[in-house]
Amino acid sequence: MRYWAMTVCVSCLIAGILTILLPKKEYEKSIKTVLALYILVSVLPAGSWDVQEVWEWSLPDSLAPADYSAYVEQMEQDSLVEQIQQLIHSNGLSSTVKATGENPLVLTVQAEPQEQEATLSLVKQAVQGMDFVEIVVEEEENES
């Protein structure tokens with residue numbers, strides 16, 4: 001009982017000090033609400049309610065965690081292809097790169113015969129150390 005009374009006194013003291021220190025006009029209602037909630041939460045005995053029980057009660061059993069792994073992998077692939085494409089174009093080459101597959105990731109490089117070696121070298125440089133990447137070089141199709 002003594003501990004509980006001390007908690008109430010300290011909570012009210014902290015709330016009073018915060019009320020004095022914080023700006024009055026603009027946020028007065030919000031500040032009073034937050035301080036009242038603080039006092040109520042600090043006054044409740046710590047063992048009177050079980051957090052795990054409240055958590056289990058508030059969530060339905062059928063709620064499965066969200067799985068964004070496929071989305072993240074696709075974003076990583078798109079980013080890698082974009083970086084390689086920028087590297088190729090910054091070196092004055094007109095080759096294109098497309099990504100397919102997941103593991104291994106297959107990078108298909110379409111290049112004109114005279115640009116294949118330079119393009120392949122740039123792509124290998126960009127994916128250096130990535131063991132899950134395979135590079136396939138195709139001749140660029142001429143649009144006639």
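In the predicted model, strand E2 is largely enclosed by the rest of the structure, because seven of its seven residues are buried. The burial extends to both faces of strand E2: on one side Leu105, Leu107, Val109 and Ala111 are buried, and on the other side Val106, Thr108 and Gln110 are buried as well. This division into two sets can be read against the general geometry of strands, since in a regular strand the side chains alternate between the two faces of the sheet.

Strand E2, which comprises residues 105-111, belongs to an open sheet of three strands with the order E1-E2-E3 and mixed pairing. The edge positions are taken by strand E1 (96-100) and strand E3 (133-139), each of which pairs on one side only, and the twist from one strand to the next averages 25°. On one side, E1 and E2 run antiparallel and are joined by five bridges; within this pairing Lys98 stands opposite Thr108, while Ala99 stands opposite Leu107. On the other side, E2 and E3 pair in the parallel sense over seven bridges, with Leu107 opposite Ile135 and Val106 having Glu134 as its bridge partner in E3.

Two helices are placed against this sheet. Helix H4 (residues 69-90) lies across E1 and E2 and runs at about 165° to E1. Helix H5 (residues 116-126) packs on the sheet and touches E1, E2 and E3, its direction making about 165° with that of E3.

The connection between E1 and E2 was examined further. The hairpin formed by these strands has four residues between them, and Gly101 in this hairpin takes a positive phi near 80°. Pro104 is also found in the loop between E1 and E2; with a relative accessible area of 32%, Pro104 is partly exposed, the criterion for this class being a value between the 20% limit for buried residues and the 50% limit for exposed ones. Leaving aside neighbours within four places in sequence, Pro104 is in contact with Phe132 and Glu134, the latter being the residue that serves as bridge partner of Val106. The C-alpha atom of Pro104 is separated by 10.0 Å from that of Met130, which lies 26 residues apart from Pro104 along the chain.

At the level of the whole protein, there are five helices and three strands, and from the N terminus on the elements run α-α-α-α-β-β-α-β. Buried residues make up 19% of the 144 residues. Among contacts with a separation of 6 or more, 55% are accounted for by residues 24 or more positions apart. The protein exposes about 11500 Å², of which carbon and sulfur atoms supply 59%.

Part of the surface is occupied by a nonpolar patch formed by Met6, Val10, Leu13, Ile14, Ile17, Leu18, Ile20, Leu21, Leu22 and Tyr38, which together have about 940 Å² of accessible area. The element that gives the most to this patch is helix H1 (residues 2-21), with eight residues. One of the patch members, Ile20, has its place in helix H1 and counts as exposed because its relative accessibility is 66%, where the exposed class requires a value over 50%.

Note on methods: Residues are numbered from 1 along each chain as its sequence is written. This is a predicted model: local features need pLDDT of at least 70, side-chain atom pairs count only at pLDDT 80 or more; totals for chains, interfaces and linings use all residues. Side-chain values use heavy atoms; hydrogens and water are left out. Two strands pair if DSSP finds at least two bridges between them. Axes are lines fitted to C-alpha atoms, for helices over the stretch in contact, and angles run from 0 to 180 degrees between N-to-C directions. Contact means heavy atoms within 4.5 Å. Patches are made of residues with over 30% relative accessible area and no salt bridge: like charges are joined within 9 Å, nonpolar side chains (Val, Leu, Ile, Met, Phe, Trp, Tyr) within 5 Å. Accessible areas come from the Shrake-Rupley method with a 1.4 Å probe; for residues, only the protein chains shown count as cover. A salt bridge is a side-chain nitrogen of Lys or Arg within 4 Å of a carboxyl oxygen of Asp or Glu. Buried means under 20% relative accessible area, exposed over 50%, partly exposed in between (1.4 Å probe, protein chains only).
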